[in-house]
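Trainee: I should like to learn how to read burial and charged pairs in a model of this kind. May we begin with a single side chain and work outwards?

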Amino acid sequence: MRSHSSRRHLLRDMAAGLSAVVLPRFAQAQGVTQPTPGPPGRPGRHRVDEPAAVEVNARPLPSFDIRDRARVRFGALEYRSGLILTSSFSGFGGLSALRLDAKGERFIAVSDQGTWFTGRIVYRGRDMVGLDDVDAAPLLDAHGKPITATRGWYDSESLALDGAIAYVGLERVNQVLRYDFATGFTRARGEVVPLPPAARKLPINKGLEALVFVPKVMSKATPPSQPLAGTLIALSERGLDAGGNLIAFLVGGKTPGQFSVRRTENFDISDAVLLQSGDLLILERKFSWLGGAGIRIRRLALSDIAPGAVVDGPAIFNADLGNEIDNMEGIDAHVTDEGETVLTMISDDNFSLIQRNLLLQFTLVD
């Protein structure tokens, strides 16, 4: 485990870098809610019960296209660098969500086994070359115990940040936990965020998959009076409405309610990120035994999202097994000193010997 000083610096960097100001917190006044037991199933030997330092090995991916190693442009994205991550630490893997600081260096991630991972991406020039200062810690419940102590409470698939407040979505039980990092960083205790009743009706393993918090001010280029300011957007992987579209929720804020994301080509949502421009990028994936695996990114206008709306947007990136992809489950964005918007994606290896933990970076060029 890192020193108390190191953890304090990491908390300060994350709080400063991931949000320029301390924003309104709609869940601040809610009381602690007792967790409801979930369906059968517990994480196995990959669960983490105590904080631990983790050594992560990184092998570079010099190209993204397996068929054409010289190719760097993929739709609206340009490949920068990538890493294959491995570790002898049994709890490392299952990485399902990732958030970075403003420089794209410090990160916090969650594993689907109910684990926090924090650390730093090491760069050489603009290329990622490794991870350092990596720590693991269990997500805690309201009583200070690992959430995995409650049956079915693991499957932590999504992460959103509002300054020093973190929201984590648990797909297995379709719940969201709120953590105040100011009370202990990854040793903070989680409180249940009230959700619309419809959220509890989502499919057990296709439920809450992506969380995005809308800040009051995203950048100097966007208006300060966003209608969704202070809202937590919660998107399901494959919870379908009557029209076969993907169910999503607006939690808190001025206009709470339910909306849908149009589902096309059998893609499901795996994560999302809000750009400073006000666009919402949706990371999606699909798999079939005949068609294989694929991922894409769609760009949605935040201004189109409202209770009752069905929103859609163009695909700006597509990739398949001819590219260096895996089970891509996390996406985030940061802006470099040169003004480039960089997208970082991470994969969930499901702790499988035939899957990989990939960390990929692209420049958004359009």
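Mentor: Let us begin with arginine 67, which is exposed because its relative accessible area is 57%, over the 50% cut-off. Please bear in mind that this is a predicted model.

Trainee: With which residue does aspartate 65 form a salt bridge?

Mentor: Such a pair is recognised by the distance between a side-chain nitrogen of Lys or Arg and a carboxyl oxygen of Asp or Glu. Here aspartate 65 is paired with arginine 67, and their closest N and O atoms are 3.6 Å apart.

Trainee: Is aspartate 65 buried or exposed?

Mentor: Aspartate 65 counts as buried, because its relative accessibility is 3%. Its partner arginine 67, at 57%, is exposed.

Trainee: Which aspartate forms a salt bridge with arginine 67 at 3.3 Å?

Mentor: That residue is aspartate 320, with 3.3 Å between the closest N and O atoms. This pair links distant parts of the chain, 253 residues apart: arginine 67 is in the loop between β2 (57–60) and β3 (73–74), whereas aspartate 320 is in strand β21 (residues 315–320). Aspartate 320 has a relative accessibility of 32% and therefore counts as partly exposed.

Trainee: How many salt bridges are there by this rule?

Mentor: The count comes to 26. One of them joins aspartate 312 to arginine 298, with the closest N and O atoms 2.7 Å apart. Arginine 298 belongs to strand β19 (residues 292–301) and aspartate 312 to the loop between β20 (310–311) and β21, so the pair ties together parts that are 14 residues apart in sequence.

Trainee: Why does arginine 298 count as buried?

Mentor: It does so because its relative accessibility is 2%, and the class takes values under 20%. Aspartate 312, at 37%, counts as partly exposed. Salt bridges that share partners join both residues with Arg262, Glu265, Glu284 and Arg296 into one network.

Trainee: Let us turn to a residue without charge. Where is serine 96 found?

Mentor: Serine 96 is found in strand β5 (residues 95–100). Serine 96 is buried, because its relative accessible area is 0%.

Trainee: With which side chain does the side chain of serine 96 make a polar contact?

Mentor: The partner is the side chain of glutamate 157, at 3.3 Å. Once neighbours within four places in sequence are left aside, the residues in contact with serine 96 are Val110, Asp112, Ser156, Glu157, Glu329, Gly330 and Asp348.

Note on methods
Residues are numbered from 1 along each chain as its sequence is written. This is a predicted model: local features need pLDDT of at least 70, side-chain atom pairs count only at pLDDT 80 or more; totals for chains, interfaces and linings use all residues. Side-chain values use heavy atoms; hydrogens and water are left out. Helices (H or I, at least four residues) and strands (E, at least two) are DSSP runs, numbered from the N terminus. Buried means under 20% relative accessible area, exposed over 50%, partly exposed in between (1.4 Å probe, protein chains only). A polar contact is a pair of N or O atoms within 3.5 Å; within protein, one must be able to donate a hydrogen and the other to accept it, and residues adjacent in sequence count only if both atoms are side-chain atoms. Contact means heavy atoms within 4.5 Å. A salt bridge is a side-chain nitrogen of Lys or Arg within 4 Å of a carboxyl oxygen of Asp or Glu.
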